[in-house]
Amino acid sequence: MIKFFEVKNNCSQRLLIEKIQRKLRIYSFCLVKNFNTEKTQSRLSKIVRSRYQYNNDIRVSGKRKIGSNDYQRVDLGDSYKNIRFMRVISFAEWNKKNKEFFELVNPIISLRNKLSKIEKIGMYYPKVDKIQLRKEKKNYFLCDFVRMIQYPKGGGFLIRHNDYDEQYGKDVVAALLPLTTKKNKKNSGRSATYEKGGLYFIHKNKKVMIDDYVENGDLVLFNAKIDHGVNTIDPHKKVDIAKLSGRLTLNFSVASFYK
């Protein structure tokens with residue numbers, strides 16, 4: 001039986017957008033079933049994993065800048081906006097090596113843009129200028145900020161928070177594509193890489209463990225103001241930071257990049 005927050009990708013895009021918008025208005029989050037094909041998921045996973053190099057981890061990536069190189073960063077502790085343990089690999093659209101990657105994820109970006117009623121010109125979003133960057137408002141562009149986020153087996157987590165932030169485009173729907181899934185009755189294949197924990201949303205003051213329902217190829221969409229987090233991934237296992245273990249997702253935002 002379909003869950004209250006689910007939408008099946010078995011209709012025209014116009015009707016799909018209407019269904020998603022309705023879910024977002026009522027619940028602030030939505031799970032689109034079977035958005036990507038298995039072939040697309042497999043290719044994206046291969047690209048992400050080919051990019052990973054254990055010795056390339058940094059701890060601080062600095063301010064986002066137009067034309068900067070991609071980076072691979074480990075976040076651990078409370079020195080960030082949200083307490084967390086995760087690894088990030090960024091994918092900037094201006095880097096030529098990411099051409100195939102963006103060809104594969106552009107359907108997600110396009111859907112997100114239509115839901116958010118924003119228009120992209122080249123690599124920029126010139127009319128998504130409602131955010132207030134205080135002292136540096138005139139020194140940035142708004143671009144797609146796409147990154148892989150890993151929550152490692154044995155401890156990866158993200159504290160409860162929301163994504164309503166002055167560094168991100170106002171009223172832009174957040175999109176998240178799981179590259180791995182939680183092992184359960186539905187998931188037993190190669191994409192099922194962790195057993196406990198996962199993404200949750202706060203609905204009516206209760207946690208909805210969305211990862212319990214995610215299957216390979218599903219797309220998660222949500223309002224930036226809704227509280228959410230990631231419960232610890234496989235806390236009963238040894239920490240595995242050397243590999244891309246645990247929970248892997250692609251996260252899509254529209255964010256400020258400075259000149």
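Is arginine 51 buried or exposed? With a relative accessibility of 18%, arginine 51 counts as buried, because buried means under 20%. The model discussed here is predicted.

## Salt bridges

The count of salt bridges in the model comes to 18. One of them pairs aspartate 70 with arginine 51, with 3.2 Å between the closest N and O atoms. Arginine 51 belongs to helix H2, while aspartate 70 sits in the loop between H2 and E3; the two are 19 residues apart, and the pair links distant parts of the chain. Aspartate 70 is buried, its relative accessible area being 15%.

Another salt bridge joins lysine 33 and aspartate 218, and here the closest N and O atoms are 2.5 Å apart. Lysine 33 is in strand E2 and aspartate 218 is in the loop between E11 and strand E12 (219-222), so this salt bridge ties together parts of the chain that are 185 residues apart in sequence. Both lysine 33 and aspartate 218 are buried. A further salt bridge runs from lysine 182 to aspartate 212, with the closest N and O atoms at 2.8 Å. Lysine 182 lies in strand E8 (residues 181-182) and aspartate 212 in the loop between E11 and E12, 30 residues apart, and this pair too links distant parts of the chain. Lysine 182 is buried at 10% relative accessible area, whereas aspartate 212 is partly exposed at 32%. In addition, Glu93, Arg112, Lys120 and Asp144 are joined into one network by salt bridges that share partners.

## Aspartate 75

Aspartate 75 is part of strand E3 (residues 72-77). Its relative accessibility is 0%, and aspartate 75 therefore counts as buried.

Which side chains make polar contacts with the side chain of aspartate 75? Arginine 73 does so at 2.7 Å, and arginine 84 at 3.1 Å. When neighbours within four places in sequence are left aside, the residues in contact with aspartate 75 are Arg59, Tyr80, Arg84, Phe85, Met86 and Val88. Arginine 84 thus appears both in this list and as a polar partner of the aspartate 75 side chain.

## Packing of H2 and H3

Helix H2 packs against helix H3 (residues 99-116) at an angle of about 145°, and the two axes are 10 Å apart. The crossing of these helices is left-handed. On the H2 side the contact is made by Thr40, Arg43, Leu44 and Ile47, and on the H3 side by Glu100, Phe101, Leu104 and Val105. Five of the contact residues are nonpolar, one is polar and two are charged.

Helix H2 also holds arginine 51, the partner of aspartate 70.

## Positive phi angles

Asparagine 34 is not a glycine, yet has a positive phi of about 55°. Asparagine 34 is located in the loop between strand E2 (29-33) and helix H2 (38-51). With 51% relative accessible area, asparagine 34 is exposed, because the class begins over 50%.

Lysine 204 likewise has a positive phi, about 55°, without being a glycine. Lysine 204 is found in the loop between strand E10 (198-203) and strand E11 (206-209). Is lysine 204 buried or exposed? The relative accessibility of lysine 204 is 71%, so lysine 204 counts as exposed.

Methods. Residues are numbered from 1 along each chain as its sequence is written. This is a predicted model: local features need pLDDT of at least 70, side-chain atom pairs count only at pLDDT 80 or more; totals for chains, interfaces and linings use all residues. Side-chain values use heavy atoms; hydrogens and water are left out. Helices (H or I, at least four residues) and strands (E, at least two) are DSSP runs, numbered from the N terminus. Buried means under 20% relative accessible area, exposed over 50%, partly exposed in between (1.4 Å probe, protein chains only). Axes are lines fitted to C-alpha atoms, for helices over the stretch in contact, and angles run from 0 to 180 degrees between N-to-C directions. A crossing is left-handed if the near helix is turned anticlockwise from the far one by less than a right angle, and right-handed if clockwise. Contact means heavy atoms within 4.5 Å. Ala, Val, Leu, Ile, Met, Phe, Trp, Tyr, Cys and Pro count as nonpolar, Asp, Glu, Lys and Arg as charged, and the others, Gly among them, as polar. A polar contact is a pair of N or O atoms within 3.5 Å; within protein, one must be able to donate a hydrogen and the other to accept it, and residues adjacent in sequence count only if both atoms are side-chain atoms. A salt bridge is a side-chain nitrogen of Lys or Arg within 4 Å of a carboxyl oxygen of Asp or Glu.
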